[in-house]
Amino acid sequence: MADRPSSGVRERHCTRREALSGGIALSIAVSPMSACAASSGGPTLDVMDYIPARERAAIAAGVSAFDCTGSIQNAILQAAKMKATLRIGKGTYRVSTLRITGSSFRIDTENETVFKQMKNIPGDQTHPVIVLDRCSDVIVGDLSVIGNIETDVGEHHHAVLVGRSRNVTLGAVFARNIRGDALYCYGRETSATERLDNLRVRSVSGYNVFRNLVSVAGGQMRIGEIINAGPVGYRDLD
């Protein structure tokens, strides 16, 4: 894949987050689950049908500079509306932030599906590459995410953020060159609308991650494995 990891992260501890009320329940155990084990039962959509034809070959080859954010976002919205399966095949998809929300649909990816965050994203607030929020009964395949640790500003360019959801299943999350966390989870026990219940993740790993491989700021989840594949600035699990 393109964009080889750089040689290391800046040696610093992250600042402490604002204290969040509510308990944390975390189970870490090797699990044979697959993020693509169940079917949505609806039609199947292909993300390439939402991307201009002139860009498809370059995306599949991993050499396109096209901003895929709007195209993929439209495909996600349609899959959620139709309770469908969205297929995102081999390729490098350059995006700013993708937001996944809705219920009873799934997103399938392939081994060589990569999401690369575009440069010059503002650093004045949280800017994850992929956000799952207000989701229920959603299945997402493996997520390979590349950031811009050398040029991003701040420390909240997480690879994947999951919050305020229930019954979400993810495959293997792999983050490279991320100026934030590989996986950031948020939930509040004291607010029914902000709970994070039954998040299942097959594995989380990362190389050249500025903060943590996994940060849990509340919620209930099961993570099969946390694998340190290279330099991590703070902790494997926070």
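Q73 is buried in this predicted model, because its relative accessible area is 17%, under the 20% cut-off. You'll find Q73 in helix α2, which covers residues 69-82. Leaving aside residues up to four places away in sequence, Q73 touches T97, L98 and R99.

Let's stay with the helix for a moment. α2 is 14 residues long, and the distance from its first C-alpha to its last is 20 Å, close to the 20 Å expected at 1.5 Å a residue. Q73 has buried company in α2: T69, S71, I72, A75, I76, A79 and A80 are buried too. And what do the buried residues of α2 pack against? They pack against the strands β2 (44-46), β3 (85-88), β4 (91-95), β5 and β6 (113-117).

Follow the chain past the end of α2 and you come to K83, with a positive phi near 55 degrees. K83 has that positive phi although it is not a glycine. Most residues other than glycine have a negative phi. K83 sits in the loop between α2 and β3. Is K83 buried, partly exposed or exposed? K83 is partly exposed, since its relative accessible area is 34%, which falls between the cut-offs of 20% and 50%.

There's another residue like this further along. N198 is not a glycine either, and its phi is also positive, near 55 degrees. N198 belongs to a strand, β12, made of residues 197-209. With a relative accessible area of 29%, N198 counts as partly exposed.

Now step over to β3, the strand that holds R87. R87 is partly exposed, with a relative accessible area of 34%. Not counting residues up to four places away in sequence, R87 touches L45, D46, V47, D108 and E110. Take E110 from that list: R87 and E110 are 23 residues apart in sequence, and their C-alpha atoms are 8.6 Å apart in space.

Next comes the inside of the protein. The largest nonpolar core has 51 residues, and those touching the most other members are I72, Y93, L132, V160 and L170. You've already met I72 as one of the buried residues of α2. Y93 is a good one to click on: beyond residues up to four places away in sequence, Y93 touches V47, M48, I51, I59, C68, I72, I88, T113, V114, F115 and K116. Apart from this core lies another one, of five residues, with V131, Y184, Y186 and A217 among them.

So where is there empty space inside? Rolling a probe the size of a water molecule over the atoms shows where empty space is left. In this structure there is one cavity of 30 Å³ or more, and the largest cavity has a volume of about 50 Å³. Which residues line the largest cavity? They are I76, I88, L98, I100, I107, F115, I130, V140 and L143. Two elements give two or more residues each to this lining, β5 (98-109) and β7 (130-140). The largest share, three residues, comes from β5. As for chemistry, the lining divides into nine nonpolar residues, no polar ones and no charged ones. Some of these names are familiar by now: I76 is a buried residue of α2, L98 is touched by Q73, and both I88 and F115 are touched by Y93.

One more residue deserves a visit. G147 is in the loop between β8 (143-146) and β9 (160-163). Is G147 buried or exposed? G147 counts as buried, because its relative accessibility is 6%, under the 20% cut-off. Setting aside residues up to four places away in sequence, G147 touches K116, R176, N177 and I178. K116 also came up as a residue that Y93 touches. G147 and G180 are 33 residues apart in sequence, yet 9.1 Å separates them in space, C-alpha to C-alpha.

Finally, zoom out. The protein has two helices and 15 strands. Of its 238 residues, 50% count as buried. Among contacts with a separation of 6 or more, 70% are between residues 24 or more positions apart.

Definitions and conventions
Residues are numbered from 1 along each chain as its sequence is written. This is a predicted model: local features need pLDDT of at least 70, side-chain atom pairs count only at pLDDT 80 or more; totals for chains, interfaces and linings use all residues. Side-chain values use heavy atoms; hydrogens and water are left out. On a 1 Å grid over the protein atoms alone, a cavity is a set of points where a 1.4 Å probe fits but cannot get out, and a pocket is an open set with protein on both sides within 12 Å along at least five of seven lines; lining residues have an atom within 4 Å of a point. Grid points are joined across faces, edges and corners, and a volume is the space filled by probe spheres set on the points. Helices (H or I, at least four residues) and strands (E, at least two) are DSSP runs, numbered from the N terminus. Ala, Val, Leu, Ile, Met, Phe, Trp, Tyr, Cys and Pro count as nonpolar, Asp, Glu, Lys and Arg as charged, and the others, Gly among them, as polar. A nonpolar core is a set of buried Ala, Val, Leu, Ile, Met, Phe, Trp, Tyr and Cys residues joined through side-chain atoms within 4.5 Å. Buried means under 20% relative accessible area, exposed over 50%, partly exposed in between (1.4 Å probe, protein chains only). Contact means heavy atoms within 4.5 Å. The expected span of a helix is 1.5 Å times one less than its number of residues.
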